Structure formats: structure tokens, C-alpha cells
Amino acid sequence: MTGKVVTITSGKGGVGKTTAVANLAVALAGRGQKVACVDGDIGLRNLDVVMGLENRIVYDLVDVVEGRCRLRQAMIRDKRLPDLYLIPAAQTRDKTAVSPSDMIRLCDELRPEVDWILIDSPAGIERGFKNAVAAADRVLVLTNPDVSAVRDADRVIGILDAEGKGSPALVINRLNPILVRRGDMLSVEDVLDLLAIDLIGIVPEDENVIVASNKGQPLAMDSKSKAGQAFQNVARRLMGEKVPFLDLEAPGLLQRLLGRM
Amino acid sequence: MDATPPSLFQIKGIREGLLITLGEASWEDLEAALIQNIDDQPAFFQGARMVLDVGLHDLRVAVLSELRDKLSERGISLWAVLSESPVTETTAQNLGLATRIAKPRPAELQSVPEAAPENAALWVRQTVRSGQRIAYSGNVVVLGDVNPGAEIIASGSVIVWGRLRGVVHAGAEGDEGALVCALELSPTQLRIAGEIAVSPKKEDKNRPEVARLKDGQLVAEPWQAN
């Protein structure tokens, strides 16, 4: 196996990177792929919580880098999906504990073991971000349809370009079709118009995401919610399938009922 | 000119104007030599923005403001004073002068070639994104968009074959004849020479426009092909 390294980043914080990584990982693993997630947010780790694996951490990324354990020992296997692993970040250190070349070395060691290595980048454009993108074969830039998140995404795309990482793919997260229709939220077209990169996913706003994150059960595990479906679709597109984008404009059941009243 | 020993000061063209680095000598000698040099070649200095690096010299308000007056009489605007002396730094700040100039960020700064010929243009064949800054002494032509958060600074004109939504400063060294044209002209802020304007919110944006200075006012007009 030669695993592909995919980094999810955004510039701005709080747009849903960690949730996206957890859901993509679950979606890929559910399709028979072997996946390792790496939490790049050293000092502010979250991915373990969202994936519900917090209580199983013994060794972390920094332990691997500093040689206190073997890579295998830091890989936590998700019991629900046997081909899903997490390498958690250290909570007691900071971003300087790891260098970009450490990340490249780590990913090179992981590549033969898995199909996908998903790296959760911290917010910002400093050391943590540089670490997270250093080894990436592909970068997904995640943004929300609001002006400041799009501005930061634009900045990140510029930096990736300047570092020779090529053009990343875009995931628009937390789109609210009702607000867009009212003209109160940037539409997919508005965002694409400004960022001008390839779109790989549109994820609707969905309150189930919060519930699922708090439970430590990524939404993509059950495919009933629209957000879960959207992440499933991103995973399929990553695997090279052509999947049409969800029709988010179609009114839901509730709206149809309300409309009839 | 030969009377001026070169060790007294150095002149260098930088993005922000002229950087004068003073050497080791008494302040009186340095000041006299500098003024002498300016008077010898007024055309070169006319309209220049000057950054003065005075090293360790302690300068009081009276001394520095006198120099600033002398320079402004000669059409030079002193806008920054760099110094390792805290006294001078405080003085400069009291006079409203900058005490730091931005260091170029190598990865992001596209280019700062010095003193390009008057008709030279920098060709930028990409979208200029947030956080990117292009500074050039000459004209700048962008084939692509200039996104919000990006900056283009040119001593000459700026032409954007795309949407201009960032900050643009044409005629940054004082050229009031500089133009800014774009297929869609809606910059966050538009500056030509010393004038600043914010683009009005407008509905119909799909026309190429040209901005220029007319009687000291920044005006934008639809592009007329003729």
C-alpha cells in the first residue's frame, strides 16, 4: 500500500476541520479503506474527543517523533471500524515539539501501512499549519460561507501556492440553503467566484453534527443525515468517483409541510 | 559630488522610497553633506519619500524637525526615521514619523526590483490572494483577480485584467498621472499618489473602469475605447 496524505486546513478556526477529518476518516474506512488520522493540533487536541477515542490514548505524536514509542504503539484502533486508526496529538506540549521534516518522516513510515493518512491541521498559518501541510499529497481547504472564513481560505490558498503545494480542493462547510435563498449567506457560487479552485464538497449545516461530536460518534457512521451524506460523497470523490453534488436547494419535509399550511 | 566622501551616507532605493543610511561622523557634518548632495541633484530627490537610518545618533525634536523642514523645502517627505537610539526613536514618534519599515517577506513578496526603467511593467499572471503583496517600482499588470486582503503597490500605473477587490496604490512615489484600470473596479481602497478613496457600493459592476486623479480628486469612469 502507498497511502495518500491528505491535509485538511482552513486558516480560520472553528469552521469544522476536526469534524471534517473525523467524518471523512469514518466514510473512507466504511468503504473498506485503511485510514490513519493524525491530529496536528499539538497542545489543543480535539480529534480524539470527536472520534470518541480519548480514553484510549497512551502514546501520542510527540512520543513517536521523540522516539519514546514505536509508531504502531501510538496508533489507536477504532473498535467500530477496524481499519480506522488515530494518532493523537500531545496535549502537554506545543507546535514547536514537531517540525515539518518530522511530519514528512512520520508520514513516510505510515504510507506502506494504510491507504489514507488524514491530517487535521490547526487553525492559523504558523508552525502547526506548516507541519500539517509539509507531507501532504493533497490539501483540502475547508471554509464556511462567510466573508471572514473565505478571506482566510484565500490567504491559505495563496500560501500553499507560494510553497509549491499546488492548488488545493475546496470543501464548503455549514451551508444553510435557507439563508442563501434569502440572500443572507454567501452562496456556493459566491465562494467559488472568489477562491477559484476546484470544489470537492458542499456540506449543509446540520445540528446533528454537534450532537454526534459530543457523543464521539462521527455523523458519517449513519448515513441518514444530509451532512453525513455530504461527507460520504467527499470521501467517494477523494477515491476518484464522480459523484454529483447534493441538491440542497430542494425543500425538506418540514418545509414542505410548513409550505402547505 | 566628489567633495562628498561616500562613507558619510548611503542612498538606496527601497519599496517605501529612498533609504538613507548615515555613517560615522558628527551630526552637523552628516546633515550638511546630505543637504549638499540633495542640492547637487534636485531632480533625483524631487518628490521622494525618505527613510533615514541615523544609527546611534541621539536626535532631539528641534534637530530632527529642522532637518525635516529642510528636506520638505526641497520637495522630499521624510516619513520614517530608523535608529538604535531610544532618544531618537521617541523624538521621531513625537514628530509623527514612522520608526520601523516593513521587512520584505521573502516567500510572499513577489518582487522588488530596484529602479526599473520608466516604461517597465511587472507581469503577474496569477490571482493575487489575501495576504499577498506586490510592490514594484514601475507599472504592474495583473492577469487574474486581486482578491480582498491583497495589496498592489506600484510607482506607476496598475492594470488588472480581472476583478480588483483588494487594496491598490498607483503612483506610490508621487506620480499623479498614474492610472488604475480593471475589468471590475471595486477595490477595498484605492490610492493614487497621495489621494485615497474607498469604492462606493455599486450594483452594476460589470464594466471595465479607469481611475485617475482629476484636479486632485480621485475619479473612476467607465473605460472608453477610442
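Two strands are taken to pair if DSSP finds at least two bridges between them. In this predicted model, strand β7 (residues 139-143) of chain B and strand β9 (residues 158-164) of chain B meet that condition with four bridges, and the two pair in the parallel sense. Within this pair, V142(B) stands opposite V160(B) of β9(B).

The two strands belong to an open sheet of six strands in chain B, whose order is β5-β7-β9-β11-β14-β15 and whose pairing is mixed. At its edges are β5 (121-124) and β15 (217-222) of chain B, each of which pairs on one side only. On average, neighbouring strands of this sheet are turned by 25 degrees against each other, direction ignored. As general background, strands of a sheet pair through backbone hydrogen bonds, in either a parallel or an antiparallel arrangement.

Chain B holds another open sheet, this one of five strands in the order β6-β8-β10-β12-β13, again with mixed pairing. Its edge strands are β6 (133-136) and β13 (195-197) of chain B; each has a single partner strand, so one side of each is left without a neighbour in the sheet. Here the average turn between neighbouring strands is 5 degrees, direction ignored. Inside this chain, strand β10 (residues 167-170) and strand β12 (residues 189-192) of chain B run parallel and are joined by four bridges. A170(B) stands opposite I192(B) of β12(B).

Taken as a whole, chain B contains four helices and 15 strands. Of its 226 residues, 34% count as buried. Among contacts in chain B with a separation of 6 or more, residues 24 or more positions apart account for 34%.

Chain A can be described in the same terms. Its secondary structure comes to twelve helices and eight strands, and 49% of its 261 residues count as buried. Of the contacts in chain A between residues at least 6 apart in sequence, 75% join residues at least 24 apart.

Strand β4 of chain A offers a good place to look at pairing in detail. Strand β2 (residues 35-39) of chain A runs parallel to β4(A), and four bridges join the two; A36(A) has Y85(A) as its bridge partner in β4(A). β3(A) and β4(A) run antiparallel and are joined by two bridges, with I76(A) partnered by L86(A) of β4(A). Six residues lie between β3(A) and β4(A), which form a hairpin. Side chains alternate along the strand: L84(A) and L86(A) point one way from β4(A), Y85(A) and I87(A) point the other way, and all are buried.

The loop between β3 (76-77) and β4 (84-87) of chain A contains L81(A). L81(A) counts as partly exposed because it has 17 C-beta neighbours inside 10 Å, whereas 20 or more would be needed for a residue to be buried. Although L81(A) and A29(A) are 52 residues apart in sequence, their C-alpha atoms are 6.7 Å apart in space. Leaving aside neighbours within four places in sequence, L81(A) is in contact with V26(A), A29(A) and G30(A).

A second loop of chain A, between α7 (147-162) and β7 (169-175), contains K165(A). K165(A) is also partly exposed, with 17 other C-beta atoms within 10 Å. K165(A) and R138(A) are separated by 27 residues in sequence and by 8.1 Å in space, C-alpha to C-alpha. Beyond its neighbours within four places in sequence, K165(A) is in contact with V133(A), A136(A), V139(A) and L160(A).

Attention can now turn to the cores. In soluble globular proteins, nonpolar side chains tend to be buried together. The largest nonpolar core of the model has 81 residues, and those with the most contacts inside it are L24(A), A25(A), V35(A), L61(A), I117(A) and L118(A). Helix α1 (residues 17-30) of chain A supplies the largest share of this core, nine residues. A second, separate core has 28 residues, among them V146(B), V160(B), A178(B) and A211(B). For L24(A), the contacts other than neighbours within four places in sequence are L118(A), F231(A), V234(A) and A235(A).

Finally, the two chains touch: ten residues of chain B are in contact with eight residues of chain A. On the side of chain B that touches chain A, two residues are nonpolar, six polar and two charged.

Definitions and conventions:
Residues numbered from 1 in each chain as written. Chains lettered and ligands numbered in written order. Predicted model: local features only at pLDDT ≥ 70, side-chain atom pairs only at ≥ 80, totals over all residues. Core = buried A, V, L, I, M, F, W, Y, C linked by C-beta atoms within 7 Å. Buried ≥ 20, exposed ≤ 12 C-beta atoms within 10 Å, placed from the backbone. Contact = placed C-beta atoms within 7 Å. Nonpolar A, V, L, I, M, F, W, Y, C, P; charged D, E, K, R; others polar. Axes fitted to C-alpha atoms, helices over the stretch in contact; angles between N-to-C directions.
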